[in-house]
Amino acid sequence: MSIEKFKKLVSRVVPLPIENVDTDQIIPARFLKAVERKGFGDNLFRDWRYKKDGKPNEDFVLNNPLYSGEILVAGKNFGSGSSREHAAWAVYDAGFRVVVSSFFADIFKSNVLNNGLLPVQVPDNFLSEIFSTVESDPTSLFEVDLESQTVRNLKTGSSVQFEINSYKKECLLNGYDDIDFLISLKDKIVSFEQA
Amino acid sequence: MEAKTLFDKIWDGHVVSQVKDGPDVLYIDRHFIHEVTSPVAFLGLEKRGMKVFRPQNTIATPDHNVPTINQHLPIKEELSRFQVETLRLNCAKNDIQLYSLDHQYHGIVHIIGPELGITQPGMTIVCGDSHTSTHGAFGSIAFGIGTSEVEMVFASQCILQPKPKKMRINVEGKLLDSVTAKDIALYVIAQISSSGGTGHFIEFSGSAIRSLTMEGRMTLCNMSIECGARGGMIAPDEVTFDYIKGREYAPKGEEWETKLAQWQQLKSDENAVFDVEFTFDAADIEPMITYGTNPGMGMGVNGTIPTGENLVGSDRITFGKALDYMGFKPGEKIKGKKVDYVFIGSCTNGRIEDFRLFANFVKGKKKADHVTAWIVPGSKKVEKQIREEGLVEIFEAAGFALRQPGCSACLAMNDDKIPEGKYSVSTSNRNFEGRQGPGARTMLASPLMAAAAAIAGVVADPREI
């Protein structure tokens, strides 16, 4: 088993300048009833993205043809609340490979990493710069390079480094899966139980 | 010897292996599962041709999707029914103990674990549910995980986890009249914000915490995720041991004595260092209520909604969006606001003590006519106790009906949805947009505040009724 590899990405971004976006907004609980991992992308940000009558809400960024790309950029404390991995699946299935924010909730961060989606935590001022760059030109490109742990605003040339623990970095670069790793430790686990 | 926190002691004692520059391989003593976050993990396991490694340490119950009336009938909604049925099949295939809807021990996963004595001090406990932090009330390390991690535990009884930082929150002094554990939780979150605990594991201590019952401690630890913390814990003491003793899965006889001696050692060393420490005065805590769309947007019931004047940029946008959603204006009083729905229940406030508190308040009073109230016990055992203690008669005389156990209107995965635009005073844990149903407006509070709102029909101070 493996996750999709991630090395480097150059893309436009989809800006969501809202803070504390919780997992109930990313995917509301009523869409958690599937027993397989499919179809969650359609319900990403469901109640912001669609009106009550089911028609797309044209004011919401995902429905705005000006914006596209594989990088989602959101305000601080993204992914707070529930542990539902469906939130990570929804973001991934909607075509994103990177989520940028100045702050991520813990469980959401582990969940995205376990699904080949890269969380990139940047300083507040860099985040604000991304928002203003995209506001003035939605076609602006950004580069995310996992090897050098750098995110670059190709419009302004400014860049910052982001943190990721070296184990998770290795997993993403190579598509390794945590579960395979844990299974390989079976003997150690059994001796721990017997100690 | 280096002084250690309680958290360090338990964590370090469960590390099977360390990944260089990476997470720890942490052994898990108890794994609780429910119908929503387990099916994809079971599928993953099946694809690997594996079965659950330690089924005897895994306990299952369907709670998120279940109806809270007519539980003897098949679940009407097809997707919910299928998810609950999938849990049953997966448990049968993997020899996992399932407390299904018709079982006398059925209930919300974080209610039944403690009440059956499965949750014990010093354990590591996980569940694909963020409110797993509840179990920390017993002096265990308990935290919510995602479905990939559920699969890790299925496959290996271990999880890969970076060790969080440590935070201590002391609440000292005597709590005011009508102030409960829920108010402490909402107060602390309002002080440190809904992300103030991120990256940390909290130990709650201080005289006000010690004075809490186990039910109260569970409510507090349950809410620790709402400040972003991985979990919260309280060192076990006589209150803890008295609660566990004699429960179904509690150690018995000689084993009890051995365990008790171990549990009595479970505390932070005197000089243990925490990465962050806060101290609050219990006397500053009023009965609390939230006015916004995250649990950090809370205040005393007599307070006024902040103006948000000092906020800038996306902070200001977010604050304005929250008040718009709630239909509130900056600077308004919250007391006196009309309430349409009241919900008593959930893993936060669905224990017997919560219903006693509620019953004690509504006894001899009448529910406001326009208020719809859902009284939902956390488990079959709680329901039974409510009946045995004669609380049902009190509820009925005051115009309230008792429902059957489940997560219910906390996250509205079943039919218990608050209609769009309606106001709910809820004893649950999240006031996020749409949490209790699309467009629902949630104000989080204690069972006592909920009781006052149900009687007055508006947000009210229980001390004034």
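**A walk through two chains of a predicted model**

Just after helix α5(B), residue Gln157(B) takes a positive phi of about 60°. The model in which this is seen is a predicted one. A positive phi of near 60° is noted here in a residue other than glycine. Gln157(B) sits in the loop between α5 and β8 of chain B. Its relative accessible area is 0%, so Gln157(B) is buried, the cut-off for that word being under 20%.

The helix that comes before this loop is also covered. Of the 10 residues of α5(B), 10 are buried, so the helix is largely enclosed by the rest of the structure. Among them are Thr147(B), Ser148(B), Glu149(B), Val150(B), Glu151(B) and Met152(B). Val153(B), Phe154(B), Ala155(B) and Ser156(B) are buried residues of α5(B) as well.

Some residues of this helix can be met again from the side of a strand. His31(B) has its place in strand β3 of chain B, which covers residues 30–33. With residues up to four places away in sequence not counted, His31(B) touches Val150(B), Val153(B) and Phe154(B), and these are part of a longer list. That list also includes Asn57(B), Thr58(B) and Ile59(B), and His31(B) further touches Val126(B), Cys127(B) and Ile145(B). His31(B) has a relative accessible area of 1%, and because buried means under 20%, it counts as buried.

Helix α5(B) leads on to the largest pocket, which holds about 950 Å³ of space. Its lining consists of 32 residues. Those nearest the centre of the pocket are Asp106(A), Lys109(A), Asn165(A), Pro162(B) and Gly199(B). Four elements each supply at least two residues of the lining: α4 (106–113) and β5 (118–121) of chain A, and α5 (147–156) and β8 (158–161) of chain B. The most is given by α4(A), with four residues.

Another covered helix in chain B is α8, made of residues 214–222. Nine of its nine residues are buried, and the helix is mostly covered. Met214(B), Glu215(B), Gly216(B), Arg217(B) and Met218(B) are among the buried ones, as are Thr219(B), Leu220(B), Cys221(B) and Asn222(B).

Two residues of α8(B) are contacts of Val239(B), a residue found in helix α9 (residues 238–244) of chain B. Leaving aside neighbours within four places in sequence, Val239(B) is in contact with Met214(B) and Arg217(B), and also with Leu212(B) and Thr213(B). Val239(B) has a relative accessible area of 32%, so it is partly exposed, a term used between 20% and 50%. From Val239(B) to Met50(B) the separation is 189 residues in sequence and 41 Å in space, C-alpha to C-alpha.

Further along chain B comes another backbone angle to note. Ser346(B) has a positive phi of about 85° although it is not a glycine. Ser346(B) lies in helix α12, which runs over residues 346–349 of chain B. At 1% relative accessibility, Ser346(B) counts as buried.

The last stop is on the surface of chain A. Val10(A), Leu141(A) and Leu154(A) make a nonpolar surface patch of about 230 Å². Of these, Val10(A) lies in strand β1 (residues 8–11) of chain A. Its relative accessibility is 45%, so Val10(A) counts as partly exposed.

Definitions and conventions:
Residues numbered from 1 in each chain as written. Chains lettered and ligands numbered in written order. Predicted model: local features only at pLDDT ≥ 70, side-chain atom pairs only at ≥ 80, totals over all residues. Heavy atoms only, no water. Buried < 20%, exposed > 50% of the residue type's maximum accessible area, 1.4 Å probe, protein only. Contact = heavy atoms within 4.5 Å. Patch = residues over 30% accessible without salt bridge, like charges linked within 9 Å, V, L, I, M, F, W, Y side chains within 5 Å. Areas by Shrake-Rupley, 256 points an atom, 1.4 Å probe, with all protein chains shown as cover. Salt bridge = Lys/Arg side-chain N within 4 Å of Asp/Glu carboxyl O. 1 Å grid on protein atoms, 1.4 Å probe; cavity = no way out; pocket = protein on both sides within 12 Å on 5 of 7 lines; lining within 4 Å. Points joined across faces, edges and corners; volume = space filled by probe spheres on them.
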